[in-house]
Amino acid sequence: MSIADNLKKYKSEVESDGVKLIAVSKTQTVDAILEAYNAGQRIFGENHVQEMVDKQAELPADIEWHLIGHLQSNKVKYIAPFVKLIHGVDSIKLLQEINKQALKNNRVIDCLLQVYIADEDTKFGLGFDEVIELLRSEEYAELKNIRIVGLMGIATNTKNEKQITVEFHELKVFFDGVKVSFFRKEDSFKEISTGMSADYKIAIEEGSTMVRIGSAIFGKRIIKHFKTDSAN
Ligand SMILES: *Cc1c(COP(=O)(O)O)cnc(C)c1O
């Protein structure tokens, strides 16, 4: 199937469950993204800052760009003018830098706190206790140009569906607790970003509100980095 066909299929499938589709376009060409755009997609996810900046400059202005990968503080300034949502925030230091750059751009930037749910050492994220600590801190209370709109998680890369289900379920239970404790009056705190090509169905069953799907739409990633070899 073509990119356009895949896009329409996944978009209608997840949207019928009331879930947002983030089309993960990392390493994909501008032409491939345009094909998805012309098939109706407006939300795209990238995990490298330079790649997202380059693509944003070339593609239609009504695209919502989501930064889904690990973000280094010194790169925040490049995306601060336009980024719609930053999924992988995992420290108060990063949040402070996002706040500073958002202020410079006279805007409020929406963020998700990345929570560590996988049984793997390599994934970034905060532990449950660290999320609570951050939300209770005075440093956080001072930040007026960021808005935390939910949580993000990446499940263990495994074929064990039971384990993936448990991990997403624990995140949902934790989300509900955080909502009651810290965001009861804020309707904007409502997003759970979980699920990728391999596990989005489980994620949706376990309360995901936005799934990040790449290879199932665009096919295998061929080029490793678009235009640049530098990491984030
Ligand atoms: C690459 C990536 C995805 C998409 O992965 P696919 O398996 O290609 O769907 C989702 N989330 C994050 C954080 C990613 O880096």
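I will walk you through the ligand site of this structure and then through a strand that contributes to it.

Please keep in mind that this is a predicted model, in which local features need pLDDT of at least 70 and side-chain atom pairs count only at pLDDT 80 or more, while totals for chains, interfaces and linings use all residues. Residues are numbered from 1 along each chain as its sequence is written, and side-chain values use heavy atoms, with hydrogens and water left out.

Let me begin with the ligand, whose surrounding residues (a heavy atom within 4 Å) include Val24, Lys26, Met152, Arg212, Gly214 and Ser215. By class, that shell holds 6 nonpolar, 3 polar and 3 charged residues, where Gly is counted as polar and Lys and Arg as charged.

As for polar contacts, meaning pairs of N or O atoms within 3.5 Å, a polar side-chain atom of Arg212 is placed 2.9 Å from a ligand nitrogen, whereas a polar backbone atom of Gly214 is 2.8 Å from a ligand oxygen, and a backbone N or O atom of Ser215 also lies 2.8 Å from an oxygen atom of the ligand. The ligand taken alone exposes 380 Å², of which the protein buries 89%, using the Shrake-Rupley method with a 1.4 Å probe.

Turning to strand β1, residues 20–24, 4 of its 5 residues are buried, that is, under 20% relative accessible area. β1 runs parallel to β8, residues 210–213, with 4 bridges joining them, and Ile22 stands opposite Arg212 there. β1 also pairs in the parallel sense with β2, residues 43–46, over 2 bridges, and Val24 has Gly45 as its bridge partner in β2.

Terms used. A polar contact is a pair of N or O atoms within 3.5 Å; within protein, one must be able to donate a hydrogen and the other to accept it, and residues adjacent in sequence count only if both atoms are side-chain atoms. Buried means under 20% relative accessible area, exposed over 50%, partly exposed in between (1.4 Å probe, protein chains only). Two strands pair if DSSP finds at least two bridges between them.
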